[in-house]
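Good morning, and thank you for making time for this short presentation. Please have the sequence and the structure in view as I speak.

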Amino acid sequence: FSRVLFRSKHPTNRAMLKAMTAIPLGRRVRVPAPATGTSTTTFDCADYAPPLPAELPQGSVVIDTLPGNHPAVRYLVDRRFDVAELARLWNVRHVSGWSQTPAANRIVIPIYRPTRLFDLAGATNPLMLAGWQARFVGEPAPSIPKYLFPSNFQKARVLYGLPEAVRSTGPVYLCEGPTDVWRIGPGAVAPFGKQLSRDQLLLLVHHFSGRPVVVLFDDGASED
């Protein structure tokens, strides 16, 4: 990286990122272990097992096909999102209440990745669906989860917005979640939280070497 802006009180994160900038893919490397920052652990890029392909929930429809007075559409508009843009750029969807899936009555956010994670996205490396996030419309009661994922989805192994960011230029913006990525547009990625796994760090370094990375986590992430 030409410059990495990483807000953290723990130097281990910065040490891991620095150690990985020179990784020659396909070779075994040693990076600091996240737990202590003193020992090391090995990670073999050649043996990296990509996530399995996924399917969208039954009954999902593209968000801009819903009427303007639909609760999901009103919720997104109230948050100042352009529903047509969400459909065109991010294929944001909704699952009707009649669906027999846990994602019923939720906004569904497809999560795509390059078929070969460590090749550049392009005509020879098509995209595939890695999973999805289903968001409750509005703010749920404490007993209802705000977000749902498929049972076999490994969110720590993908970055939301990666294919679009790879095709962009300029700085890469590292956000917490998909709605933050929507707000910025192509060029932003999100790890679904305020922490990066080693797999996500490796994807970040591989695809955006030489580009500045601007970390835009929420204020509450400063303690981590």
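**Cavities, pockets and buried charges**

The largest cavity holds about 50 Å³ of space. Please keep in mind throughout that this is a predicted model. Searching the whole structure gives three cavities of 30 Å³ or more.

Which residues line the largest cavity? They are Trp90, Pro110, Ile111, Tyr112, Tyr160, Gly161 and Glu164. Strand β6, residues 106-114, contributes the largest share of this lining, with three residues. Sorted by class, the lining of the largest cavity comprises five nonpolar residues, one polar residue and one charged residue.

Let me remain with strand β6 for a moment. Valine 108 is located in strand β6. Valine 108 counts as buried because its relative accessibility is 0%. The C-alpha atom of valine 108 is separated by 9.1 Å from that of valine 62, and the two residues are 46 apart along the chain.

I turn next to the second largest pocket. Its volume is about 210 Å³. Of the 14 residues lining this pocket, the closest to its centre are Gln133, Tyr147, Glu176, Gly177 and Pro178. Which element supplies the largest share of the lining of the second largest pocket? That element is α5, with three residues. Both β7 (127-136) and α5 supply at least two residues each to the lining of the second largest pocket. By class, this lining divides into five nonpolar, four polar and five charged residues.

One of the residues closest to the centre of that pocket, Glu176, merits separate attention. Glutamate 176 sits in the loop between β9 (172-174) and α5 (178-184). What is the nearest side chain of opposite charge to glutamate 176? It is lysine 194, at 6.7 Å, and glutamate 176 is buried yet has no salt bridge. The cut-off for a salt bridge is 4 Å between a side-chain nitrogen of Lys or Arg and a carboxyl oxygen of Asp or Glu. Glutamate 176 does have a polar partner in the backbone: a polar atom of its side chain lies 2.9 Å from the backbone nitrogen of aspartate 218.

That brings me to the salt bridges themselves. How many salt bridges are counted by this rule? The count comes to four.

Let me begin with the pair formed by aspartate 199 and arginine 157, whose closest N and O atoms are 3.1 Å apart. This pair links distant parts of the chain, 42 residues apart: aspartate 199 belongs to helix α6, whereas arginine 157 lies in the loop between β8 (147-148) and α4 (162-166). Are these two residues buried or exposed? Aspartate 199 and arginine 157 are both buried.

Salt bridges with shared partners also join Arg135, Glu139 and Lys146 into one network. Within that network, the side chains of lysine 146 and glutamate 139 meet at 3.2 Å, N to O. Lysine 146 counts as partly exposed because its relative accessibility is 27%, while glutamate 139, at 59%, counts as exposed.

Another salt bridge connects the side chains of aspartate 119 and arginine 116, with an N to O distance of 2.7 Å. Aspartate 119 has a relative accessible area of 33% and is therefore partly exposed. Arginine 116 is also partly exposed, with a relative accessible area of 37%.

Let me return to helix α6, where aspartate 199 is found. Helix α6 spans residues 198-207 and is mostly covered, with eight of its 10 residues buried. The buried residues of α6 are Asp199, Gln200, Leu201, Leu202, Leu203, Leu204, Val205 and His207.

Finally, I would draw your attention to two backbone angles. Arginine 80 is not a glycine, yet it has a positive phi of about 65°. Arginine 80 lies in the loop between α2 (71-78) and α3 (83-90). Because its relative accessible area is 75%, arginine 80 is exposed.

The second case is asparagine 91, a residue other than glycine whose phi is positive, near 55°. Asparagine 91 occupies the loop between α3 and β5 (93-95). Is asparagine 91 buried or exposed? At 19% relative accessibility, asparagine 91 counts as buried, because the cut-off for that class is under 20%.

Thank you for your attention.

Key:
Residues numbered from 1 in each chain as written. Predicted model: local features only at pLDDT ≥ 70, side-chain atom pairs only at ≥ 80, totals over all residues. Heavy atoms only, no water. 1 Å grid on protein atoms, 1.4 Å probe; cavity = no way out; pocket = protein on both sides within 12 Å on 5 of 7 lines; lining within 4 Å. Points joined across faces, edges and corners; volume = space filled by probe spheres on them. Helix = DSSP H or I, 4+ residues; strand = E, 2+ residues; numbered from the N terminus. Nonpolar A, V, L, I, M, F, W, Y, C, P; charged D, E, K, R; others polar. Buried < 20%, exposed > 50% of the residue type's maximum accessible area, 1.4 Å probe, protein only. Lys, Arg positive; Asp, Glu negative; His and termini not counted. Polar contact = N/O pair within 3.5 Å; in protein donor to acceptor, adjacent residues only side chain to side chain.
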